[in-house]
Amino acid sequence: MTVNIDSVDVLVWGGGTGGAAAAIQAARGGASTLLLTPGPWLGGMVSAAGVCCPDGNELSPWQTGLWGAFLRELEQGEPEGLDQNWVSCFGYRPRTAETILQNWLQQEARLLWWPGCQLLNVERAGSLITGLCVEMEGEVRRVKCRVVIDGSDRGDLLPLADAPFRFGWDPQEQWHEPSAPSQQRLNTEPFFRQQPIQSPTWVVMGQLLGDQLKDHPQQDEQPSGPRLPAPFDGACDRFGLEKTITYGRLPSGLVMLNWPLHGNDWHRGLERAFLADASQEALLFSEMQQHSLSFADALSKATDGWLQLGQAFPNSAASPAPWIAAMPYWREGRRMIGRTTVIEQDLLPLTEGVCMSGPPVNDSEVLQSIAVGNYANDHHYPGNDWQLAPKSCRWGGRWTGTPFCIPFGALLSEAIDNLLMADKAFSTSHMANGATRLQPLIMNVGQAAGAASALAVESNLQPSELSVRSLQNRLIGDDRAPAAVAPLWDTAWHHSQWLERQTAALDRKPLAPALPETLESGRSVHAKVIPDGEGSYRIQLEDAESCQLITLEPAVNARLQTLDKPISVMVQGTHNPWGGWFRTTSLR
């Protein structure tokens, strides 16, 4: 029996990070919103998939929108702090993230959530999607809507809605992307057929018994580390055993096992996740889980039990044990064909050094950006690293990716007027997806999709009919999570002139450098700061050995760049022994 549910303004499918953000933002914008997810958690990468060491958007200027609000609540929810590993400046437990998102959801009277749904059908009339059919608790439910948002990792709605999409590699001849393979290579080399998308990972959570690996040769004594059994032999060659494990360390000694170097990325039979064949998908998922469990077991044996399995996830059909993530970490899936497509050149810096890509503008020189990202670009395949055009620079004593913008047209379907994309399936090339797929940017892309849907309902327009400036104004003027649409290196999220400077950038007005303002946090200590003359700095703390000094704050970065010799100063910040750095928020 099919149950017809009264229509809602905005219908969001998918348990991805962007889907959750879109649903929350649409409801905050006044639209009646229904969020449908296949699993019991709604956070996607940031919680259910266990990818709890976010990459990208780490600098204070990029900590805006729902990503920034989420980050600041994480800081409150993790008393041990977020400096817990060396792959990211932020590490947190999956349940902490999920609690924040579910609290946000429960605060919105206009937002309803149905977990545990199976997507059955998409109803379409001409250029509009009119509703979805799902199965929930043994009952088929049909829901009508005015706007639909795909917030899934794999672009689940696209084939069912007959919406044009891309899947797999794009030839260099199509957009002349510097890192893309030629059409001849795509036609002749088996690799491209065997590896149509980036490799996913099924995260398994470990638990460390103590802070340090005891009685085992460290990296300086045995640089290659121990040899794990095949297929993981070589996993510790580059960094050694302890650093391989603490790469993804989280509060309470949990460890995210998401290791790309001969680790638990999965490379085989990925097309089975896109065949609409439940038995083939289940087989793939089982293989991925067993592979990650074998990797965890190999590491545990190599450490004589220092690493154990850790409890972090809810019981569900996809997670047969509390150490197995509730869903896989998909880096790529279907990619919608949008009204604009983000390609590799859109991400690359205009010149070397501290700079950014060209801002996306239309023929009238109107800025089209609705979100800012800065991840360096990173592709996961078996074998050697894929060579990508560089897009990183020195900033704040460390390497960081140069910023880029996502245009509104990349969220809009070419063929369906009321379809918005809120997760990594928005309109990008395969090459660009390596930089646009990360948690922080996807959260803010989801926010933009949710804001656009609410604005369309309020204005009685289709999302495709909105002026981009009306959406940009709503994003930068949001009273709870204002989101940057212009990448301003020198303007932190907490700067007193943030809104004024974002508005000026939209108006294409020249901007003078921002006055330095700091946001002080952490402990204060006297220390000596030692520049190396090449953009890196060391700090000699009173109670510890010297370590790297880094900052995420523009005002501190500007001060560091003036140093040409060691100085004694008062610094405020946090020491991260696993990352080997002191992250400072002020330098006096």
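This passage goes through the pockets, helices, cysteines and backbone oddities of a predicted model. Numbering runs from 1 along each chain as its sequence is written, and side-chain values use heavy atoms, with hydrogens and water left out. As the model is a prediction, local features need pLDDT of at least 70 and side-chain atom pairs count only at pLDDT 80 or more, while totals for chains, interfaces and linings use all residues.

Empty space comes first. Rolling a probe the size of a water molecule over the atoms shows where such space is left. Here the search runs on a 1 Å grid over the protein atoms alone: a cavity is a set of points where a 1.4 Å probe fits but cannot get out, and a pocket is an open set with protein on both sides within 12 Å along at least five of seven lines. Lining residues have an atom within 4 Å of a point. Grid points are joined across faces, edges and corners, and a volume is the space filled by probe spheres set on the points.

The second largest pocket comes out at about 1200 Å³. It is lined by 39 residues, and those closest to its centre are Pro38, Arg154, Asp156, Glu281 and Phe285. Helices (H or I, at least four residues) and strands (E, at least two) are DSSP runs, numbered from the N terminus. At least two lining residues come from each of β4 (117-125), α4 (157-160) and α9 (278-302), and α9 gives the most, with 6 residues. Sorted by class, this lining holds 23 nonpolar, 9 polar and 7 charged residues; Ala, Val, Leu, Ile, Met, Phe, Trp, Tyr, Cys and Pro count as nonpolar, Asp, Glu, Lys and Arg as charged, and the others, Gly among them, as polar.

As for closed space, the count is 1 cavity of 30 Å³ or more, and the largest cavity takes up about 30 Å³. Its lining is made of Ile370, Ala371, Val372, Asn444, Gln447, Ala448, Leu475, Ala483 and Ala484, with β12 (369-373) and α12 (439-459) each supplying at least two residues. That lining splits into 7 nonpolar, 2 polar and no charged residues.

Back to α9, the top contributor to the second largest pocket. This helix has 25 residues and reaches 36 Å from its first C-alpha to its last, close to the 36 Å expected at 1.5 Å a residue; the expected span is 1.5 Å times one less than the number of residues. Its buried residues (under 20% relative accessible area, with exposed over 50% and partly exposed in between, using a 1.4 Å probe and protein chains only) include Phe285, Met288, His291 and Phe295. They pack against β8, α8, β9 (254-257) and β10 (307-309), where contact means heavy atoms within 4.5 Å. Just after α9, Asp304 takes a positive phi of about 55°.

Helix α3 (residues 94-106) has 13 residues that should span 18 Å, and its end C-alpha atoms are indeed 18 Å apart. Among its buried residues are Pro94, Ile100, Leu101 and Trp104. The cover over the buried side of α3 includes α1 (17-28), β2 (33-36), α2 (65-77), β3 (111-114) and β8 (204-208).

On to the cysteines. A disulfide is a covalent bond between the sulfur atoms of two cysteines, taken here as a pair of cysteine sulfur atoms within 2.5 Å. The whole structure has 0 of them. Cys53 is in no disulfide, and the nearest cysteine sulfur, that of Cys52, sits 7.0 Å away; Cys53 is also buried, at 3% relative accessible area. Cys117 is buried too, at 5%, and its sulfur is 12 Å from the closest cysteine sulfur, in Cys133, so the two are too far apart for a bond.

Cys133 turns up again around Leu120, a residue of strand β4. Neighbours within four places in sequence aside, Leu120 is in contact with Cys133, Val134, Glu135, Val140 and Leu160. With a relative accessible area of 35%, Leu120 is partly exposed.

A few backbone details round things off. The peptide bond from Ala230 to Pro231 is cis, with omega near 5°, and Pro231 is found in the loop between β8 and α8 (241-246). Asn57, in the loop between β2 and α2, has a positive phi near 50° without being a glycine, and is buried at 2% relative accessibility. Arg508, also not a glycine, has a positive phi of about 60°. This arginine lies in the loop between α14 (498-506) and β17 (523-531) and is partly exposed at 42%.
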